[in-house]
Amino acid sequence: MIKVHKYGPAFGLPDASPFVTKVETYLRIVGEPYEEVLTDVRKMPRKQLPCATIDGVIVPDSSAIIERLEARRSTKLDAHLDPKERAIAFAFKTMLEEHLYFGLLYFRWTADDGWRVFEPGLREMLGKLGVPSLLRGLVSGQARKQVTSRHETQGIGRKPREELAATCKDMLDSLSTYLGDNPFLCGDKPTTYDATAYAFIAGVLAPAFKNEVRDHATSKQNLVAYDNRMKAAYWSRA
Ligand SMILES: N[C@@H](CCC(=O)N[C@@H](CS)C(=O)NCC(=O)O)C(=O)O
């Protein structure tokens with residue numbers, strides 16, 4: 001059985017990390033059973049999660065995990081996409097994972113309103129990993145500094161909040177336009193790209209984090225409907 005190494009469910013989401021949710025959503029789309037393993041990120045090869053144990057080998061990186069699992073399947077999830085559809089879907093995936101992601105980090109880890117919600121969840125996760133309660137504040141404070149430096153290095157985190165939020169809203173607008181009335185990101189059938197799209201749409205819409213980007217996402221009816229459809233199709237069972 002495939003093992004997914006993860007942070008753990010938080011804020012009403014399957015995992016605190018959208019990249020973990022992406023891998024789990026993919027496994028649910030293809031109907032592959034898996035075991036969830038709450039893992040200390042520091043013990044993983046690249047000090048990041050998700051990782052998956054596949055055939056006894058630990059594979060880091062959500063895209064590498066999905067590629068490896070797809071390689072084992074006789075029918076590929078994306079087989080029906082033509083090269084142009086694939087190129088556009090890949091560009092959207094990259095936008096969400098390499099740009100919107102850093103905006104999400106800002107709203108959870110750096111902005112004081114998000115941190116007030118995020119920190120208690122983080123402390124709970126640290127507790128489940130065995131970090132003594134007296135140390136949890138210190139560890140979460142250090143992690144906050146590290147994460148803030150990640151999105152500042154990427155660049156989006158150096159923008160003033162209003163400009164940063166506008167950048168995130170632009171990305172959601174283009175995602176909403178591309179999705180249109182399709183049941184799935186690329187049309188009538190799910191693809192690997194839906195794993196990313198769902199992970200990020202669910203992450204932005206999480207009711208725990210009330211901010212201007214979430215408000216914008218909730219105004220996009222097709223994004224909300226997509227979130228509900230994907231939840232019902234793939235996340236209604238444990
Ligand atoms: N490219 C990686 C990104 C994974 C990633 O950024 N994971 C974050 C959580 S969302 C992490 O573990 N960060 C810890 C760190 O970088 O120190 C993937 O697709 O799996």
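**Helices and a ligand shell in a predicted model**

**Exercise 1.** In this predicted model, work out whether the span of helix H1 (residues 18-30) agrees with the span expected at 1.5 Å a residue, and state whether H1 is mostly covered or open.

*Solution.* The expected span is 1.5 Å times one less than the number of residues, so the 13 residues of H1 should span 18 Å, and this agrees with the 18 Å between its end C-alpha atoms. Turning to burial, twelve of the 13 residues of H1 are buried, so that the helix is mostly covered; among them are Phe19, Val23, Tyr26 and Leu27. Just after H1, Gly31 takes a positive phi of about 75°.

**Exercise 2.** Carry out the corresponding analysis for helix H5 (residues 133-154).

*Solution.* H5 has 22 residues and reaches 32 Å from its first C-alpha to its last, close to the expected 32 Å. The number of buried residues in H5 is two of the 22, so this helix lies largely in the open. Just after H5, Gly155 takes a positive phi, here of about 120°.

**Exercise 3.** Describe how helix H3 (residues 83-110) packs with helix H6 (residues 161-179).

*Solution.* The two helices pack at an angle of about 145°, with their axes 10 Å apart, and H3 passes H6 in a left-handed crossing. Residues making the contact include Phe92, Met95 and Tyr106 of H3, and Leu164, Met171 and Tyr178 of H6. By class, the contact has nine nonpolar, three polar and no charged residues.

**Exercise 4.** Which residues are around the ligand, and how do they divide by class?

*Solution.* The residues around the ligand are Ser17, Phe19, Val41, Lys47, Gln48, Leu49, Pro50, Asp61, Ser62 and Ser63. This shell divides into four nonpolar, four polar and two charged residues.

Technical notes:
Residues are numbered from 1 along each chain as its sequence is written. This is a predicted model: local features need pLDDT of at least 70, side-chain atom pairs count only at pLDDT 80 or more; totals for chains, interfaces and linings use all residues. Helices (H or I, at least four residues) and strands (E, at least two) are DSSP runs, numbered from the N terminus. A residue is buried if 20 or more other C-beta atoms lie within 10 Å of its own, exposed if 12 or fewer, and partly exposed in between; C-beta atoms are placed from the backbone. Axes are lines fitted to C-alpha atoms, for helices over the stretch in contact, and angles run from 0 to 180 degrees between N-to-C directions. A crossing is left-handed if the near helix is turned anticlockwise from the far one by less than a right angle, and right-handed if clockwise. Two residues are in contact if their C-beta atoms, placed from the backbone, lie within 7 Å. Ala, Val, Leu, Ile, Met, Phe, Trp, Tyr, Cys and Pro count as nonpolar, Asp, Glu, Lys and Arg as charged, and the others, Gly among them, as polar. A residue is near a molecule or strand if its C-beta atom, placed from the backbone, lies within 6 Å of it.
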